[in-house]
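User: Hello! I am new to this structure and would like a close look at a single part of it, with enough background to find my way. Could you walk me through it?

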Amino acid sequence: MNVVCFTVVHKDEGVASFEEIKQFLDKLTEDGRVFMTPTIYHGTPAIRAAFSNWRTSAADVNIIWEALCNVYNRI
């Protein structure tokens, strides 16, 4: 499996809208460490992460997680 879909959930407001997902991803791209794309999965706005390089390591996943958390904490 090399594509993962997940979404952003607001602490009190539920799942983020497609527009909010796009805004989140714009900020993530500006961060410079990670690039992901928006999608809709079974009717739910989501983020698509593709791991297509066979050399992707646990350290890379940690960088991705850190970037996601940093951007989420700034919004």
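Analyst: What follows is a short tour of the whole chain and then a close look at the hairpin and the residues around it.

A word on the ground rules comes first. This is a predicted model, in which local features need pLDDT of at least 70 and side-chain atom pairs count only at pLDDT 80 or more, while totals for chains, interfaces and linings use all residues. Residues are numbered from 1 along each chain as its sequence is written, and side-chain values use heavy atoms, with hydrogens and water left out.

Let us start with the overall picture. The protein chain has 2 helices and 5 strands; helices (H or I, at least four residues) and strands (E, at least two) are DSSP runs, numbered from the N terminus. In sequence order, these elements give the pattern β-β-β-α-β-β-α. The chain is as compact as a globular protein of 75 residues, because its radius of gyration is 12 Å, close to the 11 Å from the globule rule. That radius is taken over C-alpha atoms, and the rule is 2.2 Å times the number of residues to the power 0.38. Along the principal axes, the C-alpha trace spans about 35 × 30 × 20 Å.

Of the 75 residues, 24% count as buried. Here buried means under 20% relative accessible area, exposed means over 50%, and partly exposed lies in between (1.4 Å probe, protein chains only). Contacts, meaning heavy atoms within 4.5 Å, also tell us about the fold: among those between residues at least 6 apart in sequence, 61% join residues at least 24 apart.

Now to the part itself. Strands E4 (residues 37-41) and E5 run antiparallel and are joined by 5 bridges; two strands pair if DSSP finds at least two bridges between them. Within this pairing, Thr39 stands opposite Ala46, and Ile40 stands opposite Pro45. E4 and E5 form a hairpin with 2 residues between them.

The turn holds a residue worth pausing on. His42 sits in the loop between E4 and E5, and its phi is near 50°, a positive value in a residue other than glycine. As background, most residues other than glycine have a negative phi. His42 has a relative accessibility of 70%, so it counts as exposed. From His42 to Ala67, 25 residues apart along the chain, the C-alpha atoms are separated by 26 Å.

E5 (residues 44-50) has another partner as well. Strand E1 (residues 3-6) runs antiparallel to E5, with 4 bridges joining the two. One of the matched pairs here is Val3 with Ala50 in E5.

Ala46 shows how the hairpin meets the rest of the chain. This residue lies in strand E5 and is buried, because its relative accessible area is 4%. Leaving aside residues up to four places away in sequence, Ala46 touches Phe6, Thr7, Ile21, Thr37, Pro38 and Thr39. Ala46 and Phe18 are 28 residues apart in sequence, and their C-alpha atoms are 7.3 Å apart in space.

One of those contacts leads to a helix. Ile21 is placed in helix H1 (residues 18-31), and with 0% relative accessibility Ile21 counts as buried. Its contacts, again without residues up to four places away in sequence, are Thr7, Val8, Ala16, Pro38, Pro45, Ala46 and Ile47. So that you can find one of these on screen, Ile21 and Val8 are 13 residues apart in sequence and 7.1 Å apart from C-alpha to C-alpha.

For contrast, look at the other helix. Asn73 lies in helix H2 (residues 58-74), and Asn73 counts as exposed because its relative accessibility is 60%. Asn73 and Glu13 are 60 residues apart along the chain, with 16 Å between their C-alpha atoms.

To gather the hairpin into one view: His42 in the turn is exposed, whereas Ala46 in the pairing is buried and touches Ile21, which is itself buried.
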